[in-house]
Amino acid sequence: RAWVIFNGTSGASPVIRSSFNVSSVVRNGTGDYSINFTNALSDANYADTYGATGGSAGFAMPYIATASYATYKTSLLLRFNTYSTGGSLTDSNSTSAAIFR
């Protein structure tokens with residue numbers, strides 16, 4: 001298992017606020033993140049869930065990321081996207097993910 005909460009608006013290397021079994025988070029592009037696990041999971045058949053609120057201007061932005069989904073999963077990495085209520089890829093100042101195996 002693993003979990004992380006990070007600022008997704010802080011450049012190529014998002015600032016991790018808190019985590020478990022996460023060595024780093026990479027911002028691949030707008031609303032496109034990769035989470036690298038410290039210790040490998042047994043395989044890529046894990047449950048994953050995400051959340052994102054706010055935008056680069058702060059928590060008071062008028063949207064919540066309404067859709068997030070995994071685009072690539074391995075035992076060492078999870079890549080996922082976050083979208084605005086308008087349906088476009090978006091960054092968030094409070095992005096989180098939880099992984100269960």
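Begin by selecting Lys-73 together with Tyr-46, where Lys-73 lies over the face of the Tyr-46 ring at 4.5 Å from the ring centre. As you go on, keep in mind that this is a predicted model.

Turn next to the aromatic rings, for which the count comes to four aromatic pairs. Select Phe-6 and Tyr-33 as one of these pairs: their ring centres are 5.1 Å apart and their planes stand at 70°, and since planes over 60 degrees apart count as edge-to-face, that is the name for this arrangement. If you colour the chain by strand, you will find Phe-6 in strand S1, residues 2-7, and Tyr-33 in strand S4, residues 32-37, so that the pair links distant parts of the chain, 27 residues apart.

With a surface switched on, ask whether Phe-6 is buried or exposed. Phe-6 is buried, because its relative accessible area is 0% and buried means under 20%; Tyr-33 likewise counts as buried, at 0% relative accessibility.

Keep Tyr-33 selected and add Phe-80, with which Tyr-33 forms a tilted aromatic pair, 5.8 Å from centre to centre and with 40° between the planes. This pair, too, links distant parts of the chain, for Tyr-33 is in strand S4 while Phe-80 is in strand S7, residues 77-83, and the two are 47 residues apart. Phe-80 is buried, as is Tyr-33.

Finally, add Tyr-50 to the selection and view the residues together: Phe-6, Tyr-33, Tyr-50 and Phe-80 form one aromatic cluster.

Note on methods: Residues are numbered from 1 along each chain as its sequence is written. This is a predicted model: local features need pLDDT of at least 70, side-chain atom pairs count only at pLDDT 80 or more; totals for chains, interfaces and linings use all residues. Side-chain values use heavy atoms; hydrogens and water are left out. Rings of Phe, Tyr and Trp (its six-membered ring) pair if their centres lie within 6.5 Å; planes under 30 degrees apart count as stacked, over 60 as edge-to-face and the rest as tilted. Helices (H or I, at least four residues) and strands (E, at least two) are DSSP runs, numbered from the N terminus. Buried means under 20% relative accessible area, exposed over 50%, partly exposed in between (1.4 Å probe, protein chains only). A charge sits over a ring if NZ of Lys or CZ of Arg is within 6 Å of the ring centre and within 35 degrees of the ring normal.
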